[in-house]
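Got your viewer open? Let's take a short walk through some charged side chains.

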Amino acid sequence: MNEGLKSHFLNLYGMVMADGEVLAKEKMELYRIGEEFYGMKPEEFDRLVFSDEILFYTPDSDEEKILYLYDFALIAWADGEVVDEERQMMKRFALRFGVQEDEVDALIDLLLEKAQTQLSHEELLKEFTE
């Protein structure tokens with residue numbers, strides 16, 4: 001697994017913990033994202049979480065930035081509600097990824113809206129390129 005993907009999944013795990021609770025629905029969504037979109041097995045993720053590796057990776061492409069932020073939105077919606085801590089965490093990552101401050105809230109709102117419908121990565125990217 002490359003360093004960027006390791007970083008992304010550690011960040012997603014942070015999103016799961018953002019509200020101070022690790023719910024089974026959120027962890028299952030994390031595993032689903034890993035397996036469906038990245039070919040990652042739950043055991044690989046578990047090993048990563050318990051490793052000593054701490055790193056931060058900023059995605060290179062706009063597409064990758066959108067997909068990583070969308071994965072955060074999927075985690076946020078996994079338990080059926082988005083709490084302020086999750087929204088704030090998404091905002092911090094969007095800013096670190098280079099999203100302009102005046103565009104962050106609109107982007108997060110859009111990604112959270114799309115996450116409610118469980119849009120695939122491919123479908124989401126189509127909407128951004130149309």
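Start by selecting K91: this lysine is partly exposed, with a relative accessible area of 22%. Keep in mind that you're looking at a predicted model. With K91 still lit up, add D105, because the two side chains meet in a salt bridge, 3.9 Å from N to O, and the cut-off is 4 Å. This pair ties together distant parts of the chain: K91 sits in helix α5 (residues 84-96), D105 in helix α6 (residues 101-116), and 14 residues separate them. How does D105 count, buried or exposed, or partly exposed? Partly exposed, at 44% relative accessibility.

Next stop: helix α2, residues 24-38. Select E29, R32 and E36 together, and you have a network of salt bridges.

Take the E29 side of the network to begin with. E29 bridges to R32, with the closest N and O atoms 2.7 Å apart. The two are three residues apart in helix α2, about one turn of the helix. Colour by accessibility here: E29 has 9% relative accessibility and counts as buried, while R32, at 23%, counts as partly exposed.

Now move along to E36. R32 forms a salt bridge with E36 too, and the closest N and O atoms are again 2.7 Å apart. Both residues lie in helix α2, four residues apart, about one turn of the helix. E36 is partly exposed, its relative accessible area being 48%.

Before you close the session, how many salt bridges does the structure hold? Five, among them K91 with D105, E29 with R32 and R32 with E36.

Methods:
Residues numbered from 1 in each chain as written. Predicted model: local features only at pLDDT ≥ 70, side-chain atom pairs only at ≥ 80, totals over all residues. Heavy atoms only, no water. Buried < 20%, exposed > 50% of the residue type's maximum accessible area, 1.4 Å probe, protein only.
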